[in-house]
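Let's take a walk through a protein model together. Keep the picture open and turn it around as you read.

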Amino acid sequence: MGRGKIEIKLIENPTNRQVTYSKRRNGIFKKAHELSVLCDAKVSLIMFSKNNKMHEYISPGLSTKKIIDQYQKTLGDIDLWHSHYEKMLENLKKLKDINNKLRRQIRNRIGEGSLDMDDMSFQQLRTLEEDMVSAIAKIRERKFHVIRTRTETCRKKVRSLEQMNGNLLLELEKCVIHPQFILHDEGEQESAVALANGASNLYAFCHHHTHLNHHLHNHHAPPEPFKNDDLRLA
């Protein structure tokens, strides 16, 4: 039996469509390669899938540009790049006009456009003045906002430091130093260094001293005087 005739129409199933495209694309590229080798022909194929993925075949030793240049040279009066080049020139001219206009506006706003302002009418000068006043107002508003923000930040830092200082003073007031523990001899370096370590160590020492007094009072023992060797920081 012979092979049935296939109706040429769009394949609705996307998966089947992609499989068919891949198989037939490879088949066409194979035929193009055979034609290029057997007949020494210059062949160039460019294909785009449904997903805009490009596939290309070009005879060995050639490039797509060479093929297009030869095509254009053969036809003679057709320039494939001329229309695109004309659009690029037109777009470039528009961009230059916009650039020149913006530069002129910048010069006028910084006071360097005296020659340009000589050609401006009264209404144009008035509009320029209003624009500059509006710009100054926006700049001044932004400046004051930055100043207020920084001032508020500094105030918060000051309040935080004041609160920390107050807490340290409260901790220090909780410690009652007995007169006999006050240093009079400058040679007692170890005690001086210990006291210089901060209020936390001093508080621990006072707490230890209070605990000892409470312990002696519960045992009804006469208090013994502290010696210098008994001074230790917790």
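What follows goes from the whole chain down to a few single residues.

First, some ground rules: this is a predicted model, where local features need pLDDT of at least 70 and side-chain atom pairs count only at pLDDT 80 or more, while totals for chains, interfaces and linings use all residues. Residues are numbered from 1 along each chain as its sequence is written, and side-chain values use heavy atoms, with hydrogens and water left out.

Start with the overall layout. The protein chain has seven helices and two strands; helices (H or I, at least four residues) and strands (E, at least two) are DSSP runs, numbered from the N terminus. Follow the sequence along and you'll meet them in the pattern α-β-β-α-α-α-α-α-α. How much of the chain is buried, meaning under 20% relative accessible area? Buried residues make up 11% of the 234 residues. On the same scale, exposed means over 50% and partly exposed lies in between (1.4 Å probe, protein chains only). The chain exposes about 20,700 Å², and carbon and sulfur atoms supply 57% of that area, computed by the Shrake-Rupley method with a 1.4 Å probe, where for residues only the protein chains shown count as cover.

Now find the two strands. Strand β1 covers residues 44–48, and it pairs with β2 in the antiparallel sense over five bridges; DSSP has to find at least two bridges for strands to count as paired. To see how they line up, look for Ser44, which stands opposite Ile58 in β2. The hairpin has five residues between its strands, and one residue to look for there is Asn52, with a positive phi near 60 degrees. Most residues other than glycine have a negative phi. Asn52 counts as exposed because its relative accessibility is 63%. Asp40, in the loop between α1 and β1, also isn't a glycine and has a positive phi of about 55 degrees. Asp40 is exposed too, with a relative accessible area of 70%.

Strand β2 (residues 54–58) has two faces: His55 and Tyr57 are on the covered one, while Met54, Glu56 and Ile58 are on the uncovered one. Zoom in on His55, which is buried because its relative accessible area is 15%. What does its side chain meet in a polar contact? The side chain of Tyr21 is joined to that of His55 by a polar contact of 3.3 Å. Such a contact is a pair of N or O atoms within 3.5 Å; within protein, one must be able to donate a hydrogen and the other to accept it, and residues adjacent in sequence count only if both atoms are side-chain atoms. His55 also touches Phe29 and Met47, among others, where contact means heavy atoms within 4.5 Å.

Tyr21, Phe29 and Met47 turn up again in the largest nonpolar core, along with Ala32, Val43 and Tyr57. A nonpolar core is a set of buried Ala, Val, Leu, Ile, Met, Phe, Trp, Tyr and Cys residues joined through side-chain atoms within 4.5 Å.

Finally, what about disulfides? A search of the whole structure finds zero of them, a disulfide here being a pair of cysteine sulfur atoms within 2.5 Å. Cys39 is exposed at 52% relative accessible area, and Cys154 is partly exposed at 48%.

Note on methods. Lists of a residue's contacts leave out its neighbours within four places in sequence.
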